Amino acid sequence: MPGSTAGPQWIVREDASPAVLTALYLRQVLGIRAPEELPPLRGLDTVEVSATDEHAMLERQWRAYWAMTVEPQAHLSPVPLSLVEGFDTYAALPVDGADELRRAIEPHAGGALAFARAASETYAKREAAGTGASYRAYASAIAVHERQVGRRAHSFELNVQVLPLTQRGLWWIGSLTVAVTDGLRGDVVAFDAAIHPIIAELA
């Protein structure tokens, strides 16, 4: 959803990416806490895991996988990536340096795919029912920001992942990416108030 073709350009991409949902599913079933501020997914038990060197290594590998999944262009792998068996195209790991994570996630492929696809489809159906609503939400926030600062918004890009998280809110999960709970995204007034500081920071 780009801004006007004249002057500064703003691009907001909103999605419920199956790849991001898959990564968060794996985070939860593996008992990984990072990123600490991001709440868990709804409808999925959180596994508690003891702090060990092995688990710390798994978490480091998951963090790298998460960064590459959320913002792949900003987090390029130093080695080639390969798809993880059973995950369709939703999970790719470096061919070297992620062996422990690959072994740990392979048994969860079926559950992860089912969860990610269902959540992504739910988002898509909601979007289809509210034609144009996404564009209007961001255009409105940008218009308010421009009135407040007395100038056109600077060019910017923003990625928004709409996710079924247990706590209502909005969090930065990358340099140009935020996660918002589906409940908050569906509340026009509350979402407008939540997204405005993000737009102000970027624009």
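Select strand β1, residues 10-15, in this predicted model. Its side chains alternate. W10, V12 and E14 point to one face and are buried. I11, R13 and D15 point to the other face and are not buried.

Now add strand β4, residues 156-163. β1 and β4 pair in the parallel sense, over six bridges. Click on E14: its bridge partner in β4 is V160.

Next, select helix α1, residues 18-29, and pick out T22. Is T22 buried or exposed? T22 has a relative accessible area of 0%, so it counts as buried. Show what surrounds it. Leaving aside neighbours within four places in sequence, T22 is in contact with Y65, F87, Y90, A112 and A116.

Use Y65 to step into helix α2, residues 53-70; Y65 is one of the buried residues there. The helix has 18 residues. From first C-alpha to last, α2 reaches 26 Å, close to the 26 Å expected at 1.5 Å a residue. Colour its buried positions, among them H55, L58, W62, W66 and T69. An α-helix has 3.6 residues a turn, so residues three or four places apart point the same way. Which elements do the buried residues of α2 pack against? They pack against α1, β2 (81-83), β3 (92-94), α3 (99-105) and β6 (177-181).

Turn to the charged side chains. The count comes to nine salt bridges. Three are worth a stop.

- Select R33 and E48. Their side chains meet in a salt bridge at 3.8 Å, N to O. Both residues lie in the loop between α1 and α2, so the pair ties together parts that are 15 residues apart in sequence. R33 is exposed, and so is E48.
- Select R126 and E127. Their salt bridge is 2.7 Å, N to O. R126 is partly exposed, at 30% relative accessibility. E127 is also partly exposed, with a relative accessible area of 22%.
- Select D187 and R168. Their side chains meet at 2.7 Å, N to O, in a salt bridge. D187 lies in the loop between α6 (182-185) and α7 (188-202), and R168 in the loop between β4 and β5 (170-172), so the pair ties together parts that are 19 residues apart in sequence. D187 is partly exposed, with a relative accessible area of 28%. R168 counts as exposed, at 52% relative accessibility.

For the last view, select E14, R126, E127 and R185 together. Salt bridges that share partners join these residues, E14, R126, E127 and R185, into one network. The tour began on β1, where E14 is on the buried face.

Notes:
Residues numbered from 1 in each chain as written. Predicted model: local features only at pLDDT ≥ 70, side-chain atom pairs only at ≥ 80, totals over all residues. Heavy atoms only, no water. Helix = DSSP H or I, 4+ residues; strand = E, 2+ residues; numbered from the N terminus. Buried < 20%, exposed > 50% of the residue type's maximum accessible area, 1.4 Å probe, protein only. Contact = heavy atoms within 4.5 Å. Pairing = 2+ DSSP bridges. Expected span 1.5 Å × (residues − 1). Salt bridge = Lys/Arg side-chain N within 4 Å of Asp/Glu carboxyl O.
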